[in-house]
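Reader: I'm new to reading protein structures, and I'd love some help. Could you walk me through this one, a question at a time?

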Amino acid sequence: VFRSKNGGQSWEKVLFLSDSTGAIDLELNPENPDEIYAGMWRAERKPWTIISGAAKEDGIYKSTDGGDNWRKVEKGLPQGLLDKVDFAVTPAKPDRVYALVEAPGDKQGLYRSEDRGESWEQVSDKEDIMSRPFYFTNITAHPRNPDKIYVGNVRYWVSSDGGESFERRSVT
């Protein structure tokens, strides 16, 4: 992760884990832009295989000082192999953070934090919201209703209860 403090004139590296792991998503807390969430993911596609995830490096990292310092947050998240992660934070309730997490088996799905990413709870393991996560995993939170979230992948899904249930919607 690189950061500029002068409108892009110069850049500094602020989060680096290895030459095979990078940030797949960054989200700022709209109430406090010094609070940043980074989804770190090892991904490699070869003609004979797909490498997705690295147990030691992949996961959710958080900075509370604008990116000067980072720490991995793990409480309530799957242990071991953790792959692609995508976040959503809503200005309607900045303490709440949503994360779509690619992980093995029923540990994959939607996680929610009510304490700014310090601890997590899985709220859905619905397979359909995680269709083809290697290619695309996207979650967006409504700016005025913290319980309304949108998931886009092979299909379009909407939840009005904080991710407890989802309805498939048509894109028109």
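**Rings, strands and charges**

Author: Happily! The charged end of Lys13 sits over the ring of Phe16, 4.5 Å from the centre of that ring. Keep in mind as we go that this is a predicted model.

Reader: How many aromatic pairs does the count come to?
Author: For this count, ring centres must lie within 6.5 Å of each other. By that rule the number of aromatic pairs is two.

Reader: Are the rings of Tyr37 and Phe87 stacked, edge-to-face or tilted?
Author: Their centres are 6.1 Å apart and their planes meet at 40°. Planes under 30 degrees apart would count as stacked and over 60 as edge-to-face. The angle of 40° fits neither, so the pair is tilted.

Reader: How many residues apart are Tyr37 and Phe87?
Author: Tyr37 belongs to strand S4 (residues 32-46), while Phe87 belongs to strand S8 (residues 85-89). The pair therefore links distant parts of the chain. Their separation is 50 residues.

Reader: Is Phe87 buried or exposed?
Author: A residue counts as buried under 20% relative accessible area. Phe87 has 1%, and its partner Tyr37, at 0%, is buried. With its 1%, Phe87 is buried.

Reader: Which residue forms an aromatic pair with Tyr150, and is the pair stacked or tilted?
Author: The two rings are 6.4 Å apart from centre to centre, with 5° between the planes. Since stacked means under 30 degrees, this pair is stacked. Tyr150 is partly exposed at 22% relative accessibility, and its partner is partly exposed at 28%. That partner is Tyr156.

Reader: What is the accessible area of the nonpolar patch that includes Tyr135?
Author: Tyr135 lies in the loop between strand S11 (121-124) and strand S12 (138-141), and it is partly exposed at 39%. On the surface, Tyr135 forms a nonpolar patch with Ile50, Phe136 and Val154. Together these residues have an accessible area of about 330 Å².

Reader: Why is strand S6 described as largely enclosed by the rest of the structure?
Author: Strand S6 covers residues 59-63. To be buried, a residue needs a relative accessible area under 20%. The strand is largely enclosed because the number of its five residues that are buried is five.

Reader: Which residue of S7 is the bridge partner of Ile60?
Author: S6 pairs with S4 in the antiparallel sense over five bridges, and there Ile60 partners Gly39. S6 is also joined to strand S7 (residues 71-73), again antiparallel, by three bridges. On the S7 side, the partner of Ile60 is Val73.

Reader: How many residues lie between S3 and S4 in their hairpin?
Author: S3 and S4 pair in the antiparallel sense over eight bridges. One of these has Asn29 facing Asn32 of S4. In the hairpin, the number of residues between the strands is two.

Reader: In S5, which residue is the bridge partner of Glu44?
Author: S4 also pairs with strand S5 (residues 49-52), antiparallel and over four bridges. S4 and S5 form a hairpin with two residues between them. The S5 partner of Glu44 is Ile51.

Reader: How far apart in sequence are the parts that the salt bridge of Asp68 and Arg3 ties together?
Author: The closest N and O atoms of this salt bridge are 2.9 Å apart. Asp68 is partly exposed at 44%, whereas Arg3 is buried at 13%. Asp68 lies in the loop between S6 and S7 and Arg3 in strand S1 (residues 2-3), so the parts tied together are separated in sequence by 65 residues.

Reader: In the salt bridge of Arg116 with Glu31, is Glu31 buried or exposed?
Author: The closest N and O atoms here are 2.3 Å apart. Arg116 is buried at 16%. Glu31 has a relative accessible area of 53%, so with a cut-off of over 50% it is exposed.

Reader: With which residue does Glu118 form a salt bridge?
Author: Glu118 sits in the loop between S10 and S11, and its partner sits in strand S7, 47 residues apart. The closest N and O atoms are 2.5 Å from each other. Glu118 is partly exposed at 29%, and the partner is partly exposed at 37%. The partner is Arg71.

How values were computed. Residues are numbered from 1 along each chain as its sequence is written. This is a predicted model: local features need pLDDT of at least 70, side-chain atom pairs count only at pLDDT 80 or more; totals for chains, interfaces and linings use all residues. Side-chain values use heavy atoms; hydrogens and water are left out. Rings of Phe, Tyr and Trp (its six-membered ring) pair if their centres lie within 6.5 Å; planes under 30 degrees apart count as stacked, over 60 as edge-to-face and the rest as tilted. Buried means under 20% relative accessible area, exposed over 50%, partly exposed in between (1.4 Å probe, protein chains only). A charge sits over a ring if NZ of Lys or CZ of Arg is within 6 Å of the ring centre and within 35 degrees of the ring normal. Patches are made of residues with over 30% relative accessible area and no salt bridge: like charges are joined within 9 Å, nonpolar side chains (Val, Leu, Ile, Met, Phe, Trp, Tyr) within 5 Å. Accessible areas come from the Shrake-Rupley method with a 1.4 Å probe; for residues, only the protein chains shown count as cover. A salt bridge is a side-chain nitrogen of Lys or Arg within 4 Å of a carboxyl oxygen of Asp or Glu. Two strands pair if DSSP finds at least two bridges between them.
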